[in-house]
Each structure stands twice: as C-alpha cells, then as structure tokens.
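Q: I should like to learn how to read the features of a protein model, one at a time. Could we work through an example together?

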Amino acid sequence: MKIKNNFIIACEQAFLTAGTNNLNLVGIFTNIHASQFPLTYRHFALVVNFDIEERGSYELETTMKDPDGKEVVRSKLQANITASPFQVIANLENVVFPQPGNYELSISVGGTLVGSRTLYINPVVAKQNLA
C-alpha cells in the first residue's frame with residue numbers, strides 16, 4: 001500500500017466548516033510547558049492528512065511513546081477511505097505526560113506507517129528572585 005503523508009498537526013482545536021468542509025485549525029503547537037509532572041493535558045486534536053492509492057476499509061492507529069519508548073497512548077479506529085487525500089481529526093482527551101521530554105506520536109493505516117510528530121514537553125523552571 002502506497003501512502004504519502006501530507007501533514008500531521010497537533011493543535012488545541014480542529015473542525016470542518018459546515019457546507020464547505022474547509023479545515024480549521026486553532027492553536028497549532030509542538031511544545032507544551034508544565035510546572036509539575038505527571039501532566040494531564042485535558043484536550044488537543046491531532047490532524048492527519050495523507051494521499052492513499054488503495055481505497056477501502058482500514059484500521060487507523062495512533063500511538064504515543066514517552067521519552068523512554070514506553071507507550072502511553074494507543075487508539076484504534078476503523079475508517080472507510082473513499083477519497084484521496086484523506087483526512088482525520090483525532091480528539092485526544094486527558095492525555096498523561098508522566099515526565100518532561102520528547103513524545104513521539106505515530107499514525108498508521110492498515111499497519112503502514114503514515115508518519116509521526118514529536119511533542120516537546122518542557123518543565124517550567126520557577127524564576128528565582130535575585131536580590
């Protein structure tokens with residue numbers, strides 16, 4: 001199966017405009033800052049757009065691994081792909097980031113990797129008052 005990744009975007013909110021199906025992305029990001037860990041991130045959207053030659057029913061799978069390579073998210077969805085390019089908006093709720101570091105989000109279709117996106121989870125260091 002031949003798949004071409006057009007884009008993978010993490011954002012605060014993603015939706016399609018009624019009537020036109022235009023994609024709207026709000027708050028695109030790759031960095032998250034937190035003052036304490038584990039961090040529970042209440043909501044974000046992962047938007048994936050790709051070209052695919054073979055139409056049909058496929059399992060779409062999203063995984064996220066922490067900086068140590070441990071899987072912290074796995075989501076599976078059955079999709080009937082009838083057009084190319086194909087687009088998916090995945091809303092992720094209450095994702096726990098156990099520690100700071102680089103988290104790798106990967107998306108596959110029918111077992112074939114579409115692509116990945118890194119989220120950088122950064123600790124906020126309190127400013128010290130210098131007298």
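Q: How do strand S1 and S2 pair, and over how many bridges?

A: In this predicted model, strand S1, residues 3–16, runs antiparallel to S2, and the two are joined over five bridges. One position to inspect is Cys 11, which is placed opposite Ile 28 of S2.

Q: In what order do the strands of this open sheet lie?

A: The sheet has four strands, arranged as S2-S1-S4-S7 with antiparallel pairing. Its edges are formed by strand S2 (23–28) and strand S7 (86–97), each of which pairs on one side only. On average, neighbouring strands in the sheet are turned by 45° against each other, with direction ignored.

Q: How many helices and strands does the whole protein have?

A: The count is zero helices and nine strands. Followed along the sequence, the pattern reads β-β-β-β-β-β-β-β-β. The C-alpha trace spans about 65 × 35 × 20 Å along its principal axes. Of the contacts with a separation of 6 or more, 66% are between residues 24 or more positions apart.

Q: Is Phe 44 buried or exposed?

A: The relative accessible area decides the matter, with under 20% counting as buried. Phe 44, a residue of strand S4, has a value of 0% and is therefore buried. Across the protein, 35% of the 131 residues are classed as buried.

Q: Which residues does Phe 44 touch, once those up to four places away in sequence are not counted?

A: Its partners are Cys 11, Glu 12, Phe 29, Ala 90, Asn 91, Leu 92, Val 95, Phe 97, Leu 105 and Leu 119. Cys 11 is thus a partner of Phe 44 as well as the residue opposite Ile 28. For Phe 29, which is 15 residues from Phe 44 along the chain, the C-alpha separation is 9.8 Å.

Q: Which side chains make polar contacts with Asn 49?

A: There are two to examine: the side chain of Asn 6 at 2.7 Å and the side chain of Gln 87 at 2.9 Å. Asn 49 belongs to strand S4 (residues 39–52). It counts as buried because its relative accessibility is 8%. Beyond its neighbours within four places in sequence, Asn 49 is in contact with Lys 4, Asn 5, Asn 6, Phe 7, Pro 85, Phe 86 and Gln 87.

Q: Why does Gln 99 count as partly exposed?

A: The partly exposed class lies between the buried limit of 20% and the exposed limit of 50%. Gln 99 has a relative accessibility of 25%, so it counts as partly exposed. This residue is in the loop between S7 and strand S8 (101–109). Its side chain makes a polar contact of 3.2 Å with the side chain of Asp 68. Leaving out neighbours within four places in sequence, Gln 99 is in contact with Phe 37, Asp 66, Pro 67, Asp 68 and Ile 121. Asn 5, by comparison, is 94 residues away in sequence and 29 Å away from C-alpha to C-alpha.

Q: How much space lies in the largest pocket, and which residues are closest to its centre?

A: Rolling a probe the size of a water molecule over the atoms reveals where empty space remains. Here the largest pocket holds about 200 Å³. Its lining has 14 residues, of which Thr 62, Ser 75, Leu 77, Val 88 and Ala 90 are the closest to the centre. At least two lining residues come from each of S4, strand S5 (56–65), strand S6 (71–81) and S7. S7 supplies the largest share, five residues.

Note on methods: Residues numbered from 1 in each chain as written. Predicted model: local features only at pLDDT ≥ 70, side-chain atom pairs only at ≥ 80, totals over all residues. Heavy atoms only, no water. Pairing = 2+ DSSP bridges. Axes fitted to C-alpha atoms, helices over the stretch in contact; angles between N-to-C directions. Buried < 20%, exposed > 50% of the residue type's maximum accessible area, 1.4 Å probe, protein only. Polar contact = N/O pair within 3.5 Å; in protein donor to acceptor, adjacent residues only side chain to side chain. Contact = heavy atoms within 4.5 Å. 1 Å grid on protein atoms, 1.4 Å probe; cavity = no way out; pocket = protein on both sides within 12 Å on 5 of 7 lines; lining within 4 Å. Points joined across faces, edges and corners; volume = space filled by probe spheres on them.
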